Amino acid sequence: GWMPYGKIEKWIEDRGFGFLSDDQQPLARGVFVHISDIGHAPNVGDAFSYDLVDGRDGRPKASNVRSISVAREEVDRVFGAA
């Protein structure tokens, strides 16, 4: 199935959340992601795939966040880096 993926655009360390880009929708606003959905504090630029679910505030948030650093390098190799 189709899955969004992107990179950490911003991380607020003391609050334990940040925002992921959606590489397939570059103009979209960043997707909220909480540290509990990643399992550790990420670095800005880390790449992840994720599922979009409705957050408590009605805006989409990332869930089932999985690191795709290796897979992403393969994607870049096959399709060309963005």
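1. A quick definition before anything else: contact here means heavy atoms within 4.5 Å. With that in hand, take S49, a residue of strand β4. Once its neighbours within four places in sequence are set aside, S49 is in contact with M3, P4, Y5, N64, V65, R66 and I68. Bear in mind while reading on that this is a predicted model.

2. Is S49 buried or exposed? The cut-off for buried is under 20% relative accessible area. S49 has 9% relative accessibility, so it counts as buried.

3. I68 deserves a look alongside S49. This residue sits in the loop between β5 and α2 (69-79). Its relative accessible area is 13%, and therefore I68 is buried too. Which residues does I68 touch, leaving aside its neighbours within four places in sequence? They are Y5, A47, F48 and S49. So you can read the S49 and I68 pairing from either side: I68 is on the contact list of S49, and S49 is on that of I68.

4. Staying with I68, check K7 as well. These two are 61 residues apart along the chain, yet their C-alpha atoms are separated by 9.5 Å. K7 also has a bridge partner in β4, namely A47, and A47 is one of the residues in contact with I68.

5. That K7 bridge belongs to the pairing of β1 (residues 5-12) with β4 (residues 47-54). How do these two strands run, and how many bridges join them? They run antiparallel, with 3 bridges between them.

6. Now the other pairing of β1. Strands β1 and β2 are antiparallel as well, this time over 4 bridges. W11 is found opposite G18 of β2. The hairpin that β1 and β2 make has 4 residues between the strands, and G16 there takes a positive phi near 75°.

7. For the overall layout, count 2 helices and 5 strands. Along the sequence the order is β-β-β-α-β-β-α. Of the contacts with a separation of 6 or more, 42% are between residues 24 or more positions apart.

8. Some surface numbers, if you want them for a sanity check. The protein has 82 residues, and 29% of them count as buried. About 5,500 Å² is exposed, with carbon and sulfur atoms supplying 53% of that area.

9. On to pockets. The largest pocket holds about 270 Å³ of space. Its lining is made of F17, F19, F32, H34, G55, R56, D57, R59, P60 and K61. Which elements give two or more residues to that lining? β2 (17-20), β3 (31-34) and β5 (60-67) do. By class, the lining comes out as 4 nonpolar, 2 polar and 4 charged residues.

10. The second largest pocket has about 180 Å³ of space. Lining it are F19, D22, Q25, A28, R29, G30, V31, F32, L52, R59 and P60. That set splits into 6 nonpolar, 2 polar and 3 charged residues. If you set up the two pockets separately, watch the overlap: F19, F32, R59 and P60 are in the lining of the largest pocket and also in that of the second largest.

How values were computed: Residues numbered from 1 in each chain as written. Predicted model: local features only at pLDDT ≥ 70, side-chain atom pairs only at ≥ 80, totals over all residues. Heavy atoms only, no water. 1 Å grid on protein atoms, 1.4 Å probe; cavity = no way out; pocket = protein on both sides within 12 Å on 5 of 7 lines; lining within 4 Å. Points joined across faces, edges and corners; volume = space filled by probe spheres on them. Nonpolar A, V, L, I, M, F, W, Y, C, P; charged D, E, K, R; others polar. Pairing = 2+ DSSP bridges. Buried < 20%, exposed > 50% of the residue type's maximum accessible area, 1.4 Å probe, protein only. Areas by Shrake-Rupley, 256 points an atom, 1.4 Å probe, with all protein chains shown as cover.
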